[in-house]
Amino acid sequence: EVVAGLLNDPMTNGPSLATRLGASATAGFTAALFSLPFDLIKSRLMAQKPDPLTGEMPYKGVLDCTLKIARGEGPMGFFSGFP
């Protein structure tokens with residue numbers, strides 16, 4: 001209904017195509033915004049390789065990965081792949 005209000009769609013015969021597309025785009029953006037940090041952490045954990053000198057992995061787990069991203073890259077580091 002928010003998108004319909006922005007587009008001045010009276011929705012008398014249901015939402016117009018523009019309203020449906022706008023609502024879909026808003027829902028997709030919101031889903032990506034909230035899921036991206038978790039996907040980034042998962043990707044970093046899956047792609048980690050042991051250090052050639054010490055043999056240690058860069059991250060010990062989810063919490064360690066989260067803290068290293070937050071400290072090293074700041075809060076926006078969780079959204080590095082966001083367009």
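**View 1. Leu17 in helix α2.** Helices here are DSSP runs of at least four residues, numbered from the N terminus. In this predicted model, helix α2 covers residues 17-47, and Leu17 belongs to it. Is Leu17 buried or exposed? Exposed means over 50% relative accessible area, and Leu17 counts as exposed because its relative accessibility is 57%. Now look along the chain to Leu53, 36 residues away from Leu17: the C-alpha atoms of the two are separated by 58 Å.

**View 2. The bend in helix α2.** Follow α2 to Ser35, where the helix bends by about 40°. A proline comes after this bend within four residues, namely Pro37. Pro37 is also one of the buried residues of α2, together with Thr19, Leu36, Leu40 and Ile41. What covers these buried residues? Their cover includes α1 and also α3, which spans 62-73.

**View 3. Thr26, a partly exposed residue of α2.** Thr26 is another residue to find in helix α2. Its relative accessibility is 43%, so Thr26 counts as partly exposed. Between the C-alpha atoms of Thr26 and Gly72 there are 31 Å, and the two residues are 46 residues apart along the chain.

**View 4. A nonpolar patch with Val2.** Here you can meet Val2, which sits in helix α1, made of residues 2-6. Val2 has 65% relative accessibility and therefore counts as exposed. On the surface, Val2 forms a nonpolar patch with Leu6 and Leu7. Together, the three residues of this patch have about 340 Å² of accessible area.

Technical notes. Residues numbered from 1 in each chain as written. Predicted model: local features only at pLDDT ≥ 70, side-chain atom pairs only at ≥ 80, totals over all residues. Heavy atoms only, no water. Patch = residues over 30% accessible without salt bridge, like charges linked within 9 Å, V, L, I, M, F, W, Y side chains within 5 Å. Areas by Shrake-Rupley, 256 points an atom, 1.4 Å probe, with all protein chains shown as cover. Salt bridge = Lys/Arg side-chain N within 4 Å of Asp/Glu carboxyl O. Helix = DSSP H or I, 4+ residues; strand = E, 2+ residues; numbered from the N terminus. Buried < 20%, exposed > 50% of the residue type's maximum accessible area, 1.4 Å probe, protein only. Bend = angle between axes of the 7 residues up to and from the residue. Contact = heavy atoms within 4.5 Å.
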